[in-house]
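Reader: I have a structure open and would like to go through it step by step. May I put some short questions to you?
Author: Please do.

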Amino acid sequence: MSVKTKLLSVMLQVPYLAADRQMPKEAGGYMYLSEDRLTGELHPRFAELGLIIYPTGMSIISESDDGKTQTRYVRVEAHYRIVDTEDDSYIDIVALGEGSDKRDKALSKALTSAYKAALLQTLMISNGPASDAERPGSHGKKSSKEPVVCSTPGCGAVLTPGQLAYSEKAFGKPLCMHCQNVEKSKETAKEK
């Protein structure tokens, strides 16, 4: 399997992550997806597939200090490489990040922002409000927070909503495309 195929597998397993932290009210009070939640979700999947990610470079695009509040602002361009440890194939990613802090953490926050952006955008992970009713594309409907996986023992593939609807109608259980085809083959063999 190539690095691109393995990343597709991760994309199918993690299509959405809900925001899990909230900024203080004085900073806007908005919800956001934390780096530890993102890494916690992706780390086991990357490890299982033999993928690693590491930084290959960084440059500070801009840096400034706010004279009134003593806040330091940093904007960075960070370069990352995702490598398949089985065949050494890789993809390179460039991401921008911004960070601000009243002490010495502005650069770290900017790098964390770039890291999150690189992973979220590369893997097309949707993130947002913690409420399912607020989730983009849900149109106010409640849905399961956990993705639905194929019910075939040992498979565990994550199903798209379309796959789930079809498989439950046709087979009475959640099956991925591959397992649906296996079931169809079994039914065809029984008919002969």
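Reader: Along β6, which side chains point to one face and are buried, and which point to the other?
Author: Please keep in mind that this is a predicted model. The side chains of β6 alternate: I91, I93, A95, G97, G99 and D101 point to one face and are buried. Y90, D92, V94, L96, E98 and S100 point to the other face and are not buried.

Reader: What is the strand order of the open sheet?
Author: The order is β4-β5-β6, an open sheet of three strands with antiparallel pairing. β4 (51-66) and β6 stand at the edges, each with a single partner strand, so one side of each is left without a neighbour in the sheet. The twist averages 15° from one strand to the next.

Reader: How many bridges join β4 to β5?
Author: There are 14 bridges between β4 and β5, which run antiparallel. Two pairs may help you to follow them: L51 stands opposite D84 in β5, and S64 stands opposite Y73 in β5.

Reader: And how many bridges pair β5 and β6?
Author: These two strands pair over twelve bridges, again in the antiparallel sense. Y73 takes part here as well, with S100 as its bridge partner in β6.

Reader: Which residue takes a positive phi in the hairpin of β4 and β5?
Author: Q70 does, with a phi near 60°, in a hairpin that has four residues between the strands. In the hairpin of β5 and β6, there are five residues between the strands, and D88 takes a positive phi near 65°.

Reader: Moving on to helices, which strands does α3 lie across?
Author: α3 lies across β4, β5 and β6, and runs at about 140° to β6. Another helix, α2, lies across β4 and β5, running at about 140° to β4.

Reader: T112 is in α3, I believe. Where does its accessibility place it: buried, partly exposed or exposed?
Author: T112 does lie in helix α3. T112 counts as partly exposed because its relative accessibility is 32%, which falls between the limits of 20% and 50%. The C-alpha atom of T112 is separated by 15 Å from that of R21, and the two residues are 91 residues apart along the chain.

Reader: Let us turn to the nonpolar interior. In the largest nonpolar core, which residues touch the most other members?
Author: L42 and F46 do, in a core of 29 residues. The elements that give two or more residues to this core are α1 (3-13), α2 (35-49), β5 (71-84), β6 (90-101) and α3 (106-122). The largest share, eight residues, comes from α3.

Reader: What does F46 touch, if neighbours up to four places away in sequence are not counted?
Author: F46 touches L7, V10, L51, I53, I82, L119 and L123. There is also a second, separate core of six residues, which includes C150, L159, C176 and C179.

Reader: That core has several cysteines. How many disulfides does the structure hold?
Author: The structure holds zero disulfides.

Reader: Why is there no bond between C176 and C179?
Author: The closest cysteine sulfur to that of C176 is in C179, at 3.6 Å, which is too far for a bond. A disulfide would need the two sulfur atoms to be within 2.5 Å. Both residues count as buried, because C176 has a relative accessibility of 7% and C179 one of 8%.

Reader: One last topic. In which helix does Q180 lie?
Author: Q180 lies in helix α5, residues 177-191. Its relative accessibility is 2%, so Q180 counts as buried. A polar atom of the Q180 side chain lies 2.8 Å from the backbone oxygen of L175.

Reader: Which residues does Q180 touch, leaving out those up to four places away in sequence?
Author: They are Q163, Y166, S167, F171 and L175. Of these, S167 has its place in helix α4, residues 161-171. S167 counts as buried because its relative accessibility is 0%. With its neighbours within four places in sequence left aside, S167 is in contact with L159, G172, K173, P174, L175 and Q180.

Technical notes:
Residues are numbered from 1 along each chain as its sequence is written. This is a predicted model: local features need pLDDT of at least 70, side-chain atom pairs count only at pLDDT 80 or more; totals for chains, interfaces and linings use all residues. Side-chain values use heavy atoms; hydrogens and water are left out. Buried means under 20% relative accessible area, exposed over 50%, partly exposed in between (1.4 Å probe, protein chains only). A polar contact is a pair of N or O atoms within 3.5 Å; within protein, one must be able to donate a hydrogen and the other to accept it, and residues adjacent in sequence count only if both atoms are side-chain atoms. Contact means heavy atoms within 4.5 Å. A nonpolar core is a set of buried Ala, Val, Leu, Ile, Met, Phe, Trp, Tyr and Cys residues joined through side-chain atoms within 4.5 Å. Two strands pair if DSSP finds at least two bridges between them. Axes are lines fitted to C-alpha atoms, for helices over the stretch in contact, and angles run from 0 to 180 degrees between N-to-C directions.
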